[in-house]
Amino acid sequence: MTACTHLDQITVTQLPEAVAGCEDCLASGGEWLHLRICLGCGHVGCCDDSPNRHATAHGRSSGHALIRSLEPGEEWCWCFVDEVGMVIPEIQGHTRIPPSPMLS
């Protein structure tokens, strides 16, 4: 079984109370579907089903390996490098997110 070898890179263990949306989409006028947070620095990006795939782009450009879903009811994390999903119980909190502009 594949295991994530990047858990030592987690610096975000408390999720923000609320976010405004995908940081890059908000800056560029883009639209997102689902939101992910980088567990290395807290950058909020959009999922791979969004047109610009900002969470993956951030992971590649920054070298930060781990993201967590910010969607209500989802607690999964993903390691881009090891290509493995997991739940990391040390990540606490729930984040209020705006509705997806792609669903309006």
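This passage goes through the salt bridges of a predicted model and where their partners sit. Side chains of opposite charge can pair when their charged atoms come close. In this model, the count of such salt bridges comes to three.

One of them joins E17 and R96, whose side chains meet with an N to O distance of 3.6 Å. E17 belongs to the segment before helix 1 (23–28), while R96 falls in the segment after strand 5 (84–87), so this pair ties together parts of the chain that are 79 residues apart in sequence. Both ends look outward: E17 counts as exposed at 58% relative accessibility, and R96 counts as exposed too, at 52%.

Then there is the bridge between R36 and E74, with the closest N and O atoms 3.9 Å apart. Here R36 sits in strand 1 (residues 35–38) and E74 in the loop between strand 3 (66–69) and strand 4 (76–79), so the contact links parts 38 residues apart in sequence. The arginine, R36, is buried because its relative accessibility is 10%, under the 20% cut-off. Its partner E74 is partly exposed, with a relative accessible area of 30%.

That leaves R53 and D48, which form a salt bridge with their closest N and O atoms 3.4 Å apart. On the accessibility side, R53 comes out as partly exposed at 38%, and D48 is likewise partly exposed, with a relative accessible area of 37%.

How values were computed: Residues are numbered from 1 along each chain as its sequence is written. This is a predicted model: local features need pLDDT of at least 70, side-chain atom pairs count only at pLDDT 80 or more; totals for chains, interfaces and linings use all residues. Side-chain values use heavy atoms; hydrogens and water are left out. A salt bridge is a side-chain nitrogen of Lys or Arg within 4 Å of a carboxyl oxygen of Asp or Glu. Helices (H or I, at least four residues) and strands (E, at least two) are DSSP runs, numbered from the N terminus. Buried means under 20% relative accessible area, exposed over 50%, partly exposed in between (1.4 Å probe, protein chains only).
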